[in-house]
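Visitor: I am new to this structure and should like to understand the terms applied to it. May I see it before asking?
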Amino acid sequence: MFVTALLLGLVGVFCILDSRILGRMNFERPLITCTIVGALLGDLQTGLTLGASIELMSLGIVNIGAAAPPDMNMAAIICAAFAILTDASAETALALAIPIAVLGQMLGVLMRTILSNLTHVADHAIAEGKFRKAWSMHIVWGTLLYSLMYFIPIFLSVYFGTDLVQKIVAFIPAWLTDGLNLGSKFLTAYGIALLLSTMLNRDLTVYFLLGFFFVGYLGLDITAVAIFAAILAVILTGLKYGKGAPAAAAAGAAAANPDYDPLEDDDDL
């Protein structure tokens with residue numbers, strides 16, 4: 001269990017440093033972190049299932065300025081490990097996601113408070129010409145503190161928490177568990193609604209409805225719909241941008257508008 005807790009703690013460190021040092025490669029998204037946890041623990045299906053659910057729950061969470069939102073990434077790692085190591089159901093694991101995310105949020109606020117003070121230390125070091133000290137405040141100590149903020153809770157939760165978490169869950173009243181489950185479903189629906197609000201428009205709504213009816217009335221699974229969508233995308237792309245399509249569009253526009261200039265932007269076609 002020590003090695004497992006150590007590995008998952010390092011996964012948390014890697015994910016938290018993704019957008020801070022490594023560049024934004026989306027390793028800090030719940031879907032990716034749960035998949036990594038599932039691969040390490042030998043249950044990729046559970047990791048993907050929980051990752052998809054927590055990812056939908058976190059779609060409506062936006063980090064604005066210095067505000068620290070609930071840490072769904074930490075929740076994803078701990079919940080996926082809990083579900084796989086204890087054979088708990090996905091619903092039980094998801095019931096723990098919100099409390100863990102709120103705990104991560106409080107740790108994030110504390111960490112931002114500490115780092116803001118380190119910024120003042122770096123400012124004084126720059127004023128005194130101690131540039132190496134200022135560099136260490138940002139690169140060394142900032143990175144170390146962020147890493148510990150993730151490593152310690154994840155390591156302790158996995159190493160000490162499997163039996164403990166089970167006992168805590170057993171003491172949680174049924175009404176509270178049901179409420180948390182209901183709240184997670186609302187967050188999932190809210191996340192999907194936000195995603196659709198940015199994707200759907202007058203031209204794309206018909207394709208969304210087409211996929212919905214394929215699933216609802218033809219009984220196709222997601223894989224079949226995705227394959228059909230990819231084929232349809234290739235066909236429509238060929239029709240719009242294929243050989244001769246720009247010329248035909250220009251000819252039609254010239255016929256409809258004698259003042260048409262082919263050198264102008266064709267976005268309005």
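Visitor: What makes Phe 151 and Phe 155 buried or exposed?
Guide: Phe 151 and Phe 155 are both buried; that term requires a relative accessible area under 20%, while exposed means over 50% and partly exposed lies in between, with a 1.4 Å probe and protein chains only. The model is predicted, so local features need pLDDT of at least 70 and side-chain atom pairs count only at pLDDT 80 or more, whereas totals for chains, interfaces and linings use all residues. Residues are numbered from 1 along each chain as its sequence is written, and side-chain values use heavy atoms, without hydrogens or water.

Visitor: Why is the aromatic pair of Phe 151 and Phe 155 called stacked?
Guide: Rings of Phe, Tyr and Trp (its six-membered ring) pair if their centres lie within 6.5 Å; planes under 30 degrees apart count as stacked, over 60 as edge-to-face and the rest as tilted. Here the centres are 5.6 Å apart and the planes meet at 20°, therefore the pair is stacked.

Visitor: What makes Phe 214 and Phe 228 an edge-to-face pair?
Guide: Their centres lie 4.9 Å apart, with 80° between the planes; the angle is over 60, therefore the pair is edge-to-face.

Visitor: How do you know whether Phe 214 and Phe 228 are buried or partly exposed?
Guide: Phe 214 has a relative accessible area of 17%, so it is buried. Phe 228 has 37%, and is therefore partly exposed.
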